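Visitor: Please walk me through one part of this model in detail: its pocket space. I would also like to see how that part connects to the rest of the chain.

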Amino acid sequence: QKVDLSEQQLIDCSRDYGNHGCAGGMIGRGLLYASENALTTEAAYPFSNKSNACRTDIDAQYKIDGCTRVTPTTAGLTDALRSQPVSIAMSVDATFAFYRFGVYNPKRCGHVVNHALLAVGFDLDAKTPFYRGKNSWGKLWGWFGFFKIAIGKTDAGVCNVAGSGHNYVPVLNE
């Protein structure tokens, strides 16, 4: 069963784990929070596009057992995506903010891994093979909040999408 969990809960409540609300954070720290605190659904704690005080009046019932780092290669990311979405970190520059549709394939992306997203799939047979991802900037960004990024020809992938070393999958309770 697929459940949309609240990203806003992570934004608001994982500060004690070293994250900084809408000013940034690390995927591993957010997943550590989720392994020590139950999460609620997106519907119960919706995205507000700003940092807020952590709500404690929520019915949180979803917990993970931890997380596993994905092998930092395009083959590793593709393999992980065969079974579930993957939290990814990549290098983006100002051009990414203006993405609307098509396969994002810039010549340069910057050198610093500076943005976290959710990879949800891939297409290896497309004219330009790509990963499909979901951004946290809302439905008005990209294609209803989603994007496609070229896989590329290096192990790290375009914009370091696969090679950051900060890509994780949660270990789910059975």
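Guide: Happy to. On a 1 Å grid over the protein atoms alone, a pocket is an open set of points where a 1.4 Å probe fits, with protein on both sides within 12 Å along at least five of seven lines; lining residues have an atom within 4 Å of a point. The model is predicted, so local features need pLDDT of at least 70 and side-chain atom pairs pLDDT 80 or more, while totals for chains, interfaces and linings use all residues. Residues are numbered from 1 along each chain as its sequence is written, and side-chain values use heavy atoms, without hydrogens and water.

Let us start with the largest pocket. Its volume is about 2,100 Å³ (the space filled by probe spheres set on grid points joined across faces, edges and corners). The lining counts 48 residues, and those nearest the centre are Leu5, Glu7, Leu10, Ser87 and Leu118. At least two lining residues come from each of α1 (7–13), α2 (27–36), β2 (86–90), β4 (115–123) and β7 (168–172) (DSSP runs numbered from the N terminus, helices being H or I of at least four residues and strands E of at least two). Of these, β4 gives the largest share, with five residues.

The second largest pocket has a volume of about 190 Å³. Glu7 turns up again here, in a lining that also includes Glu42, Phe47, Lys134, Asn135, Phe144 and Phe146.

From the lining strands, Val86 makes a good stop. Val86 sits in strand β2 and is buried, at a relative accessible area of 0% (buried is under 20%, exposed over 50%, partly exposed in between, with a 1.4 Å probe and protein chains only). Setting aside neighbours within four places in sequence, Val86 has contacts (heavy atoms within 4.5 Å) that include Val70, Leu77, Leu117, Leu118, Ala119, Tyr168 and Val169. Leu118, one of the residues nearest the centre of the largest pocket, is thus also a partner of Val86. Gly121 lies 35 residues from Val86 in sequence, with the two C-alpha atoms 8.9 Å apart.

Helix α1, another supplier of the lining, leads us to the cysteines. The whole structure has two disulfides (cysteine sulfur atoms within 2.5 Å), and the pairing pattern is 1-2, 3-4 when bonded cysteines are counted along the chain. In the pair Cys13 and Cys54, the sulfur atoms are 2.0 Å apart. This pair links distant parts of the chain, as Cys13 is in helix α1 and Cys54, 41 residues away, is in the loop between α2 and β1 (64–69). The S-S torsion of Cys13 and Cys54 is about 95°, so this disulfide is right-handed. Cys13 is buried at 8% relative accessibility, whereas Cys54 is partly exposed at 36%.

Cys109 and Cys159 make the other bond, with 1.9 Å between their sulfur atoms. Here too distant parts are joined: Cys109 is in the loop between β3 (103–104) and β4, and Cys159, 50 residues apart from it, is in the loop between β6 (146–150) and β7. The torsion of this link is -65°, making it left-handed, and both Cys109 and Cys159 are buried.

Two other cysteines deserve a mention. Cys22 has its closest cysteine sulfur in Cys13, 12 Å away, which is too far for a bond. Cys67 is in no disulfide either, its nearest cysteine sulfur being that of Cys13 at 18 Å. Cys22 is partly exposed at 45%, and Cys67 is partly exposed at 33%.
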